[in-house]
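Please walk through this protein with the sequence and the model side by side, beginning at one loop and widening the view from there.

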Amino acid sequence: MKESDFQKALTQGLRSQGCFVYKIPDLARAIVKPFDLCVGYQNCLLAIEAKLKKYGRQKPLQDGDVAINPASFQGRGHQLPRLLQIYESDQGYPFIAICVARIEMGSAVETRAWMLPVYCMKVKETWTIGELDKEECQLTWVPTVGWIAPWLTK
């Protein structure tokens, strides 16, 4: 499983919910990509940065496992500040789409996903699976569609 697979499944799921989704292509090395997906829904701009966290082990994912932390942005130090800038200037609603996968024998056997609002990263830098499960940010897997956000259409 790669991050691009997660992005594709998230794009398909959001489109199935009536969102306009544009994947920002990788640009030349001199130009930094601000985020991965530009989503339009009911006159709102959602800026989404996708992150994939892999755990290679045989036991199931635990509530205490880290889903996202500052190390998730290692090598891409511009992403979080740009997303926070969108939030602070009230230009849209930035999110971090997080997929946590347990890998066994080279394939994902257990996956969970969330869309965490970027302002939550100002409150706390490290989020565990258990903390995200309690938030209204869970994504649901639909086999024929991909990852959908049930809370988006409420």
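**From one loop to the whole fold**

In this predicted model, Gly 18 lies in the loop that links α1 to β1 (20-23). The residue comes just after α1 and adopts a positive phi of about 95°. With a relative accessibility of 56%, Gly 18 counts as exposed, because the threshold for that class is over 50%.

The helix that precedes this loop, α1, covers residues 3-16 and so comprises 14 residues; from its first C-alpha to its last it reaches 20 Å, close to the 20 Å expected at 1.5 Å a residue. Its buried residues are Phe 6, Gln 7, Ala 9, Leu 10, Thr 11, Gly 13 and Leu 14. In reading such a list it helps to recall that an α-helix has 3.6 residues a turn, so residues three or four places apart point the same way.

From Gly 18 one can step along the chain to Cys 38, which is 20 residues away in sequence, the two C-alpha atoms being separated by 14 Å. What, then, is the disulfide count of the model? The count comes to zero, since a pair of cysteine sulfur atoms would have to lie within 2.5 Å to qualify. Cys 38 is in no disulfide, and the nearest cysteine sulfur, which belongs to Cys 19, is 11 Å away. Cys 38 itself is partly exposed, its relative accessible area being 23%. Cys 120 likewise takes part in no disulfide, the nearest cysteine sulfur being that of Cys 137 at 7.1 Å; Cys 120 is buried, with a relative accessible area of 8%.

Turning to the overall architecture, the protein contains four helices and nine strands, and from the N terminus on these elements follow one another in the order α-β-β-β-β-α-β-β-α-β-α-β-β. Of the contacts with a separation of 6 or more, 59% are between residues 24 or more positions apart.

The dimensions of the protein can be considered next. The C-alpha trace spans about 45 × 35 × 35 Å along its principal axes. Because a compact globule of 154 residues would have a radius of gyration near 15 Å, the 15 Å found for the protein agrees with that expectation. Among the 154 residues, 44% count as buried, while the accessible surface comes to about 8,500 Å², of which carbon and sulfur atoms account for 52%.

Note on methods: Residues numbered from 1 in each chain as written. Predicted model: local features only at pLDDT ≥ 70, side-chain atom pairs only at ≥ 80, totals over all residues. Heavy atoms only, no water. Buried < 20%, exposed > 50% of the residue type's maximum accessible area, 1.4 Å probe, protein only. Helix = DSSP H or I, 4+ residues; strand = E, 2+ residues; numbered from the N terminus. Expected span 1.5 Å × (residues − 1). Rg over C-alpha atoms; globule rule 2.2 N^0.38 Å. Contact = heavy atoms within 4.5 Å. Areas by Shrake-Rupley, 256 points an atom, 1.4 Å probe, with all protein chains shown as cover.
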